[in-house]
Amino acid sequence: MNENQQSLWQFMAEQSDKLFNQTLQHLGLTFISLFFAVLVGLPLGILIARKRKLSGSVLAFAGVLQTIPSIALLGFMIPLLGIGAKPAIVALLIYALLPIIRNTYTGIVGIDANVREAAKAMGMSAKQILFKVELPLAMPVILAGIRTATVINVGVATLASYIAAGGLGEFIFGGISLNNTNMILAGAIPAAVLAILLDALLALLQNLNIKKLKRVLIILPIVILILGGFYLLPKAYGSSLTAGFTPEFMGRQDGDLGLKSVYGLKIHTIVISDAVMYKAAFEKELDVISGYSTDGRLKAFDLIILKDDKGIFPPYYAAPIVRTSSLKKFPELEKTLNLLEGKINDSIMTDLNYKTDQLHQSPERVAKEFLESQKLYKSALNGKGETVRIGSKIFGEQYILAEMYKMLIQGNTNYQVATKTGLGGTKICFDALVNDQIDFYPEYTGTGLLVLLQPDADFARKIAHDKDETYNYVKDEFIKKFGIKWLTPIGFNNSYALMMRRKQSKELGVYSITDLKQYLDNNK
Amino acid sequence: MISVNGISKSFGGNEAVKKISFDVLPGESLILLGTSGCGKTTTLKMINRLIAPDSGQININGKNIAGEKPEILRRSIGYVLQNNGLFPHYTVAENIAIVPKLLGWDNKKTILRTQEILEKLHLSEQYLSMFPNALSGGQQQRVGLARALVTDPSILLMDEPFGALDNVTRTSIRKEFKALEELKRKTMVMVTHDIHEAFELADRICLMDKGKIIQIGTPKELLFKPVNKFAKDFLAGEKLSLAFKVVSLDDLWDFLPSSETRTPNAMPSTESVWDTMEKLQMQNSIEVKNQSGSYKNIEFDKLTAAFSLYQKRNRHE
Ligand SMILES: Nc1ncnc2c1ncn2[C@@H]1O[C@H](COP(=O)(O)OP(=O)(O)OP(=O)(O)O)[C@@H](O)[C@H]1O
Ligand SMILES: [Mg+2]
């Protein structure tokens, strides 16, 4: 156990401001979308209870909407509604719709036909029957639907942080990227508690007797609106440009924290996922984003990198890291993997990424064409030796590298190859390596230093400026601590970078982070 | 008062009611009798426009009901449903107050009238704050009746009001029902498939089969002058007990022994043989007086003897 390690409580206490805000945002998102979902779903449910022929298609449609993966749905929303609150609320509304429509429908349809007929025979009008008989009798079922929708919304709202809509997802996903368990729990525990609390409260409501229920139902929309209102609290926007940073970037010394302390950058910032960030910049929803310097989308969306003139972003040179035990087992492995040494620089990597991400070529094809162009490709020997297990993280560049290594091993040695690609994030991939589930995977020096080794902050800052110092440090420490060897770097540096649209950068005359700060200071 | 002229109704291809016509006079109770599915409920529901006829016309007090607003029409007609149809989310008091509320009565009037009608229907006021599901079937039925009667509508439609009850409860509620002062003035159309119920409660019976009227007439006419084989067979198994119900002491007058004494409060001769027999279970003899002022003294065996003489004579006619 590290002495410096904070306890969860310390973390929560320290971040209580943020935590409180995120919780309010989370509640707000949940309830605003719930409010609109009821506004849309209840009349729809009533409509299809009246016109039963429509029920099949409406329920099927709402059902299909609900099966759209949340991230994909949020992604679809960006071109339509941009980023931030609007698309998040619409997406949540869509998920909440099905249980509300379905329960309103079944609630009304399930009412004893005799009762409805009696109401009619007494001389009640259609409207009176709806409000005095059908809705009150269907209310427990409708409330059950609202309860389901609420719990779904509390869950899905964690994903709202992907598109800069805030909520407890900021901690959860920031924590996952940073391998910071306290941060994950600081988001996940309140989210779970919210879900359980709201579920229990609504269950209470559902079981109230009719008299009390009537009173509560008058108060409920007001409560929902007030809770929803948390989200609409005006936020002070202090700058003319808007930045979108990933949750990971937000929490890192070599990220937003460094931008603030070293450059003194003050920019209106929203938290957003890597998946939609580049697109949002392209669509002019964002002006500055935190990307990776070799990302193919840099090329696709015509973005440029702002020069890190004070050197806060540490080097992220990629190199295969291999278990020493595997090197013994496969004597030819090191030599083979080092064939790529120095072969891929930043712009080549960006180009390769562009081919897979944007032109949708298979990583296999891209890898093969590159090796051929470098005269490194040899057709597979189909050897019957032991099997080398290659790992990769879950993004494009890693897939391409894994394919290249596979082809190199198959073409130059007798070993067989198994690839285990898509091993989630750093933590999952590294754990697989440590636990002998894979033999090697490509890792980055910066990640090795700041995420896996986590030396104290001052020391990290000192060595992180220098690419060789960093490499040597992680190389020594990994052998000592984990029995894992860093082979020689491939050449490219996939570091953090601030990016802007090429056109905007030219218009504003902003080419470096210092330029950016000056521009912001002059245009408050 | 109610005049039904050639109404028909089909559901899909199925003709539920075929060109039916009948009149119900003010204060009369007409009972629609027939086997299950013969179109009784459909006919009844057309009278308060719960179902619209495909053709034909219904007039109430000379006015074509098709020209009236259905809600307004329905508020003026009491309706008791086949399965009582009480609102489960309303208390008994609220259930009874539904139509008064729709008519805009003030609370005080509703409360007073509710108390009055509860008393008449022998329902304790303690039930008022309860929900229907806490009541027995018979109590629910009474509440359903109270709900239909609370605004004192001149027309009452009832669809098997005692249908859901067991036989014993059914018989006793029927008796109370028959004795209700409240109902005597009302024009009623009631549906049943229970022959005895029809014979006990009807002024006239409308016998239906497969959507058509077979015969309309008084219970006596139905029993003694059936128009066809269907009408005859319909009552066949119950003939004797029905005869006890429709034949009155007046009909047997000539065959009964005369009385020595003349008690002023002697039983009226309009009583049915059935009811007289029931009374003779408790006492040996009863003194009866008819409208022209003659007196008879009846014992059980004398009564049955007179009844069989009466039957013999009718058969020969
Ligand atoms: N809403 C409806 N849709 C289709 N068919 C119907 C409908 N209502 C009644 N019917 C049909 O019309 C016929 C007459 O039905 P109705 O309810 O009037 O019978 P009933 O004499 O009241 O029978 P019961 O004694 O069983 O209540 C039946 O064949 C029934 O199936
Ligand atoms: Mg019926």
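**Reading a predicted two-chain model: a guided conversation**

Guide: Let us begin with one residue of this predicted model: leaving aside residues up to four places away in sequence, B:Ser259 touches B:Glu287, B:Tyr295, B:Lys296 and B:Asn297.

Visitor: Where is B:Ser259 found in chain B, and is B:Ser259 buried or exposed?

Guide: B:Ser259 is found in the loop between α13 (249-252) and β11 of chain B. With a relative accessible area of 9%, B:Ser259 is buried, because buried means under 20%. As for its place relative to one of the residues just named, B:Ser259 and B:Glu287 are 28 residues apart in sequence, while their C-alpha atoms are 7.3 Å apart in space.

Visitor: How should I read a sheet, and in what order do the three strands of the open sheet in chain B stand?

Guide: The general idea is that strands of a sheet pair through backbone hydrogen bonds, either parallel or antiparallel. In chain B, three strands form an open sheet in the order β11-β12-β13, and the pairing is mixed. Its edge strands are β11 (267-268) and β13 (295-299), each of which pairs on one side only.

Visitor: Which sense does each pairing take, parallel or antiparallel?

Guide: Strand β11(B) and strand β12 (residues 285-289) of chain B run parallel and are joined by two bridges, with B:Met267 having B:Val288 as its bridge partner in β12(B). On the other hand, β12(B) and β13(B) pair in the antiparallel sense over five bridges, and here the bridge partner of B:Ser285 in β13(B) is B:Glu299.

Visitor: What does B:Pro268 touch, and how far apart in space are B:Pro268 and B:Asn290?

Guide: B:Pro268, which has its place in strand β11 of chain B, touches B:Val288 and B:Lys289 when residues up to four places away in sequence are not counted. Measuring along the chain and through space are separate matters: B:Pro268 and B:Asn290 are 22 residues apart in sequence and 6.0 Å apart in space, C-alpha to C-alpha. B:Pro268 is partly exposed, with a relative accessible area of 43%.

Visitor: How do I read the sign of phi, and which residue in the hairpin of β12(B) and β13(B) takes a positive phi?

Guide: Most residues other than glycine have a negative phi. In the hairpin of β12(B) and β13(B), where five residues stand between the strands, B:Gly293 takes a positive phi near 90°. A positive value also occurs in B:Asn61, a residue other than glycine, whose phi is near 50°; B:Asn61 has its place in the loop between β4 (55-60) and β5 (63-64) of chain B, and B:Asn61 is exposed, with a relative accessible area of 54%. In chain A, A:Gln454 has a positive phi of about 50° although it is not a glycine. A:Gln454 lies in the loop between α21 (445-453) and α22 (457-464) of chain A, and counts as partly exposed at 44% relative accessibility.

Visitor: How many residues of strand β10 of chain A are buried, and which strands pair with β10(A)?

Guide: Strand β10 (residues 496-501) of chain A is mostly covered, since six of its six residues are buried. Strand β3 (residues 288-292) of chain A pairs with β10(A) in the antiparallel sense over four bridges, and the partner of A:Tyr292 in β10(A) is A:Tyr496. Strand β4 (residues 303-306) of chain A also pairs with β10(A) in the antiparallel sense over four bridges, with A:Ile304 and A:Met500 as bridge partners.

Visitor: What can be read from helix α6 of chain B, and how many of its residues are buried?

Guide: Helix α6 (residues 137-149) of chain B has 13 residues and reaches 18 Å from its first C-alpha to its last, close to the 18 Å expected at 1.5 Å a residue. Of those 13 residues 12 are buried, so α6(B) is largely enclosed by the rest of the structure; the buried residues include B:Gln139, B:Val143 and B:Leu145.

Visitor: How many helices and strands are there in chain A, and what share of its residues count as buried?

Guide: Chain A has 25 helices and 10 strands, and 52% of its 524 residues count as buried. Among its contacts between residues at least 6 apart in sequence, 79% join residues at least 24 apart. Taken along the principal axes, the C-alpha atoms of chain A fill a box of roughly 90 × 60 × 50 Å.

Methods. Residues numbered from 1 in each chain as written. Chains lettered and ligands numbered in written order. Predicted model: local features only at pLDDT ≥ 70, side-chain atom pairs only at ≥ 80, totals over all residues. Heavy atoms only, no water. Expected span 1.5 Å × (residues − 1). Buried < 20%, exposed > 50% of the residue type's maximum accessible area, 1.4 Å probe, protein only. Contact = heavy atoms within 4.5 Å. Pairing = 2+ DSSP bridges.
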